[in-house]
Structures are given as structure tokens and as C-alpha cells.
Amino acid sequence: MLTPLRAQTAASTDTVRYPDGSVKEVFQVDRLTGMRNGPYKYFYPGGVLGQEAVYVNDTLNGPFAMYYQEGGIRLRCTFQKGLRHGLMYFYGDSGQLLETLVFAYGQIFGENVRYYSTGEVNIVANRIGDHWQGISKIYYKSGRLQAEVNYVDGKKSGAMTTYFEDGTVMNVSQFVDDVRQGEYFANYSNGALAERGSYVDGQRQGIWTSYHPDGKTVYTTGRYLDGNYSGLWHIYNPDGSLRQTSVFQNGMEHGPVTYANGRKVLYFMGSPVF
């Protein structure tokens, strides 16, 4: 009668060392297949733990962690069949959580949260691959909303609104393919209108008007051409009286500057002509 052979343990521990003899890597190897199976550890020179992982058939599968050379967790995540899957956490060198990402079988897919170094939420966005997608929100350390903007394939699209910390709207811009296009306005912290105008291809264009802090009395008004002051501009005092008029070319005073007292100074490309 034949006696069955007793099953033998094929796994053994391998150790890789630095030239000075200190341990660099420790892992489990299946001697029957030559594949890594089980826990894996990597150490920096000097013995500080650098990585921890789990292998199944030579493929990362399970919890994964990286550490700073000075000590302390740097990131942690989970692998499934060699692909990152689920939440990934990034930490600062003082142990504070800096960012979280969501992976779906190796692809970034889901909510991306970034934190201030002091722990408060800074940015909440959705990411697909390398691109932000959908509404992204930025917060003050107080937790109040600072800005929100919509992304399409990583590019700003639609309205972007920023806020003062008390919730008052600071400004509103319109974007098309990550470039400012269309109407823009900004407010003072008291909610009064500060300025308004339009953008074309990311540059100020056409008539723009700014206001004194009451939001009603005009401060400056004039035209922009390709982002530069152009033509005649007027400046007014807080009581609404005219302070001066200036003529611009290519963003520089070029022509007469007339003051309220009647004095005139001629400018040539930004320099007064005496």
C-alpha cells in the first residue's frame, strides 16, 4: 500500500541587505513558483521602515503603506490584483492628513479632498483620472465656502463664484474651456458693487466701470482693448465730481491728461511731455 507524501511548506523568507549588512527588504517567496506571496517590507538605510505591502502571486494585493525616512506614515492605500482600489490617504511629515483620493481599479475616480496643514478641509472636488470633473469647492479654514466652480474634463466651465468669509459674494466670472469669457463683476466686502465689465478670450474687453465703496458712485470708467486701457478714461471723486480724464494707448497714458482744476499734461507712451 502506497503512503501519500506529506505536504511540504513551500514558503520561505528572503532577506535583501545593503552593502553594510543592514536589512533592505524582507519578503515571503513561494519556492515552488518563485513568486512573492505574503508580507513585504522595505527599509531605508539605517533601518527605518519605508514600505509595507502584501503580495499574492508576485502582485500587490492588500494594504500598502509608505513612510517618511524620518519616520511617520506618508501614504496608505489598498491594492487589488496590482491596481490601487479604494481610498488613498496622503500625510504630512508631522502625521497630519493632507489629501484623500478614490481609486477604482487603478483609475482615479471619485471625491478628492485636500486639507490645510492644520487639518481643516481646503478643497473638495471630483476627479476622473488627472482631470477635475463637476463642481469643485474651496473652503476657508473656518469651514465657510471660499469659491466654487464647475469643471469639464479638467477645464473651468460656466460660472466661478468667490466669497468673502462672511458669505458675501466677492466676484463672479464666466469660463469657457478654462478661459474667462463674458460678464464679470466684483463686490466690496460690504456687498456693494466694486466693478463690472466683460472678458473676451481671457482679457478685459470693452467698457468697464468701477465704483466707490457705496456701490453707486462711479470711480473709473473707460474701455479696454485686449486687456489694456484704451482711449478715453474718466476718474471721479467720491462725491461724483470729475477728478481727471486720461487718454490711453496700449495700456499707457498717451495724449492729454486733464485735471479738475483745468490743468493739462501731455503724455507720450506713459511719460509726461514737458
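Here are some questions and answers on the side-chain packing of this predicted model.

Student: Let's begin with the rings. How many aromatic pairs are there?

Tutor: Rings of Phe, Tyr and Trp pair if their centres lie within 6.5 Å. By this rule the count is 13 aromatic pairs.

Student: Is the pair of Phe27 and Tyr40 stacked, tilted or edge-to-face?

Tutor: The two ring centres are 6.3 Å apart, with 25 degrees between the planes. Planes under 30 degrees apart count as stacked. The pair of Phe27 and Tyr40 is therefore stacked.

Student: Which strands does that pair of Phe27 and Tyr40 tie together?

Tutor: The two residues are 13 apart in sequence. Phe27 lies within residues 23–30 and Tyr40 within residues 35–43, so the pair ties together strand 2 and strand 3.

Student: Is Tyr40 buried or exposed?

Tutor: The cut-off for buried is under 20% relative accessible area. Tyr40 has 7% relative accessibility, and Phe27 has a relative accessible area of 8%. Like Phe27, Tyr40 counts as buried.

Student: And what is the geometry of the pair of Tyr40 and Tyr55?

Tutor: The ring centres of Tyr40 and Tyr55 are 5.7 Å apart, and their planes stand at 75 degrees. Planes over 60 degrees apart count as edge-to-face. So the pair of Tyr40 and Tyr55 is edge-to-face.

Student: Where in the chain does Tyr55 lie?

Tutor: Tyr40 lies in strand 3, and its pair with Tyr55 ties together parts that are 15 residues apart in sequence. Tyr55 is buried, as is Tyr40. The element that holds Tyr55 is strand 4 (residues 49–56).

Student: Which charged residue lies over the face of Tyr199?

Tutor: Tyr199 belongs to a cluster linked by ring pairs, with Tyr184 and Trp208 among the other members. A charge lies over the face of Tyr199, at 5.5 Å from the ring centre. That residue is Arg180.

Student: Now the nonpolar packing. Which strand supplies the largest share of the largest nonpolar core?

Tutor: This core has 14 residues, and those with the most contacts inside it are Leu60, Phe64 and Cys77. Strand 2, strand 4, strand 7 and strand 10 each supply at least two of its residues. The largest share, three residues, comes from strand 7.

Student: How many residues are in the other core, the one with Ala125 and Tyr151?

Tutor: This core lies apart from the largest one, and Ala147 and Met160 are also among its members. In soluble globular proteins, nonpolar side chains tend to be buried together. The size of this other core is eight residues.

Student: On to charges. How far apart are the closest N and O atoms of Arg31 and Asp14?

Tutor: The structure holds six salt bridges, and one of them joins Arg31 to Asp14. Arg31 is in the loop between strand 2 and strand 3, whereas Asp14 is in strand 1, 17 residues away. Their closest N and O atoms are 2.4 Å apart.

Student: Is Arg31 buried, partly exposed or exposed?

Tutor: Partly exposed is the class between 20% and 50% relative accessible area. Asp14, at 22%, falls in that class. With a relative accessible area of 49%, Arg31 is partly exposed.

Student: Is Glu195, which forms a salt bridge with Arg204, buried or exposed?

Tutor: The closest N and O atoms of Arg204 and Glu195 are 3.1 Å apart. Arg204 counts as buried at 19% relative accessibility. Glu195 has a relative accessible area of 19%, so Glu195 is buried.

Definitions and conventions: Residues numbered from 1 in each chain as written. Predicted model: local features only at pLDDT ≥ 70, side-chain atom pairs only at ≥ 80, totals over all residues. Heavy atoms only, no water. Phe/Tyr/Trp six-rings, centres within 6.5 Å; stacked < 30°, edge-to-face > 60°. Helix = DSSP H or I, 4+ residues; strand = E, 2+ residues; numbered from the N terminus. Buried < 20%, exposed > 50% of the residue type's maximum accessible area, 1.4 Å probe, protein only. Lys NZ or Arg CZ within 6 Å of the ring centre and 35° of its normal. Core = buried A, V, L, I, M, F, W, Y, C linked by side-chain atoms within 4.5 Å. Salt bridge = Lys/Arg side-chain N within 4 Å of Asp/Glu carboxyl O.
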